[in-house]
Amino acid sequence: MAKYDHDLITIGAGSGGVRASRVAAADHGKRVAIVENLRTGGTCVMRGCVPKKLLVYGAHFAHDFEDSAGYGWTPGEPGFDWSKLIANKNAELDRLEGIYHGLLSNAGVTEIDGTGRLADAHTVEVGGKNYTAETILVATGGWPSLPDVPGIEHAVTSNEALDLAKLPKHIVIVGGGYIAVEFAGIFNGLGAEVHEVIRADNVLRGFDEDVRQTLRREMEKKGIRIHDGTQVKGIDPRDGGYTIHFDNGESMDTDLVMYATGRAPNSQGIGLEHVGIETNKKGAIAVDKYSRTSVDNIYAIGDVTDRMNLTPVAIEEAMAFVKTVYGGEPTAMDYANVPSAVFSQPPIGTVGLTEEQAREQGQVDVYESSFRPMKYTLSGRDESSMMKLIVDRKTDRVLGCHMVGVDAAEIIQGIGIALKCGATKAQFDATVGIHPTAAEEFVTLRQKRPEVAD
């Protein structure tokens, strides 16, 4: 008789949890159960990347209709139906969730609905019932965090912004990270007046400085108002909307206040304290390079560990977990040169080191180019793209690639392969470009940027 009900119980059915559970069951024959208290698919598929990008696509059509005139089209006055976009988006999410349920079922994974809590090192309690497992994997993701501001209960987060009953005509978005700038682009593209409020001097703290400056300039061209060095002191309801108060003494009336000031590991209320699992001050579960927690048979992956909060990273961590625990192949996730994107308008693609990070390691050469995308030469749209290469002067190895502009995410994916292979600037230069494309700029950058003082 088996000692435990299952070989593996996964708490959290997001991208990482589903992948680990499915592969453990299908490829290694393990008895697996997965516990979820919301929708199968997790943040990315249900409350993040996927629905958000569908809204980004929707917002782009406003510019596309305008640009078509330069190509000989005579567009009529387009109409927009927010409720139809949201309904179609929700139908797609339902379809995707069905696929996830099918993948788990076909792999033989048991789905358990409810909130999983650790009762002991081998027991997960769900709705008053205990389930035991030899190994437990925590993959509960993250959740939007809100500051302690008077009236904060009137604000929405990215979760609610994806399902608003109606499109606001005026919105204040608090925060300067990637979620904030993405939603600023969405609402701006759909016709709302957008104000973005940030404590810092610019958006996207932690990104390459030229990326930050380029994106801000392009956002402001589109009419997005960025209020830097500003903090919210309170939010008051008013007829049909809200009044938001700032620390400079000014106030603003708006239809909607959205907070995108960060996400926190979703680690509260799942019993970590019952088994002695260590967390840091942000609540992130502490793990070793193999995703093992301070309890030997309990592992954690994804945003709840707050290492590199990207869906493809969580999936790779899941695969490393399965190889380590069930494949006899201890595997650690490699976090170097992971490409990422921000679906702002225009979008950002980035891989490798920022210029600041690279200069901390030694002398570098910087190659940069700004230009108007060919798509806009006939339409006349005033939007620029920026591309940047950062090269180690001693070894000629390319340390970082950054792009702001049309198709940035699609282009950077391929560049990420080159950096993963340790490509040099000479190898970039020896690569024949595809003409006419924006991507060819990365292999035709020849002029170094003038030196800056150390």
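This passage walks through salt bridges, a cavity, a pocket and a surface patch in a predicted model.

A good place to start is with the charged side chains. The structure holds 33 salt bridges, and a few of them repay a careful look. In one, the side chains of Lys 52 and Glu 182 meet, with a distance of 2.5 Å from N to O. This pair links distant parts of the chain: Lys 52 sits in helix H3 and Glu 182 in helix H6 (residues 178-189), 130 residues apart. Are these two partners buried or exposed? Lys 52 has a relative accessibility of 9% and therefore counts as buried, since buried means under 20%. Glu 182 also counts as buried, at 1% relative accessibility.

A further salt bridge joins Glu 383 to Lys 222, and here the closest N and O atoms are 2.7 Å apart. Both residues lie in loops: Glu 383 in the one between H11 and strand S20 (385-392), and Lys 222 in the one between helix H7 (209-221) and strand S10 (225-227). Because of these positions, the pair ties together parts that are 161 residues apart in sequence. Glu 383 is buried, with 5% relative accessibility.

Glu 355 and Arg 449 give another example, their closest N and O atoms being 2.5 Å apart. Glu 355 belongs to helix H10 (residues 355-361), while Arg 449 is in the segment after helix H13 (425-430), so that the bridge links distant parts of the chain, 94 residues apart. Glu 355 counts as buried at 11% relative accessibility, whereas Arg 449 is partly exposed at 24%. This pair also belongs to a wider arrangement: salt bridges that share partners join Asp 208, Asp 210, Glu 355, Arg 359, Glu 368, Lys 388 and Arg 449 into one network.

Attention can now turn to the spaces inside the model. How many cavities of 30 Å³ or more are there? The count comes to one, and the volume of the largest cavity is about 40 Å³. Its lining is made up of His 60, His 63, Lys 222, Gln 345, Pro 346, Tyr 376, Arg 381 and Glu 383. Two familiar names appear in that list, for Lys 222 and Glu 383 line the cavity and also form a salt bridge with each other. Sorted by class, the lining has two nonpolar, three polar and three charged residues.

The second largest pocket has a volume of about 420 Å³. Its lining consists of 17 residues, and Ala 62, Phe 65, Pro 78, Gly 79 and Phe 80 are the ones nearest the centre of the pocket. Which helix gives the most to this lining? Helix H3 (residues 49-68) does, with six residues. By class, the lining of this pocket divides into nine nonpolar, five polar and three charged residues.

Finally, the surface and the interior can be set side by side. On the surface, Tyr 71, Trp 73 and Leu 378 form a nonpolar patch with about 390 Å² of accessible area together. Leu 378 is part of helix H11 (residues 376-379) and is exposed, with a relative accessible area of 53%. Val 257, by contrast, is buried, at a relative accessible area of 0%. This valine is found in strand S14 (residues 256-259). From C-alpha to C-alpha, Val 257 is 12 Å from Gly 240, and the two are 17 residues apart in sequence.

How values were computed:
Residues are numbered from 1 along each chain as its sequence is written. This is a predicted model: local features need pLDDT of at least 70, side-chain atom pairs count only at pLDDT 80 or more; totals for chains, interfaces and linings use all residues. Side-chain values use heavy atoms; hydrogens and water are left out. Patches are made of residues with over 30% relative accessible area and no salt bridge: like charges are joined within 9 Å, nonpolar side chains (Val, Leu, Ile, Met, Phe, Trp, Tyr) within 5 Å. Accessible areas come from the Shrake-Rupley method with a 1.4 Å probe; for residues, only the protein chains shown count as cover. A salt bridge is a side-chain nitrogen of Lys or Arg within 4 Å of a carboxyl oxygen of Asp or Glu. Helices (H or I, at least four residues) and strands (E, at least two) are DSSP runs, numbered from the N terminus. Buried means under 20% relative accessible area, exposed over 50%, partly exposed in between (1.4 Å probe, protein chains only). On a 1 Å grid over the protein atoms alone, a cavity is a set of points where a 1.4 Å probe fits but cannot get out, and a pocket is an open set with protein on both sides within 12 Å along at least five of seven lines; lining residues have an atom within 4 Å of a point. Grid points are joined across faces, edges and corners, and a volume is the space filled by probe spheres set on the points. Ala, Val, Leu, Ile, Met, Phe, Trp, Tyr, Cys and Pro count as nonpolar, Asp, Glu, Lys and Arg as charged, and the others, Gly among them, as polar.
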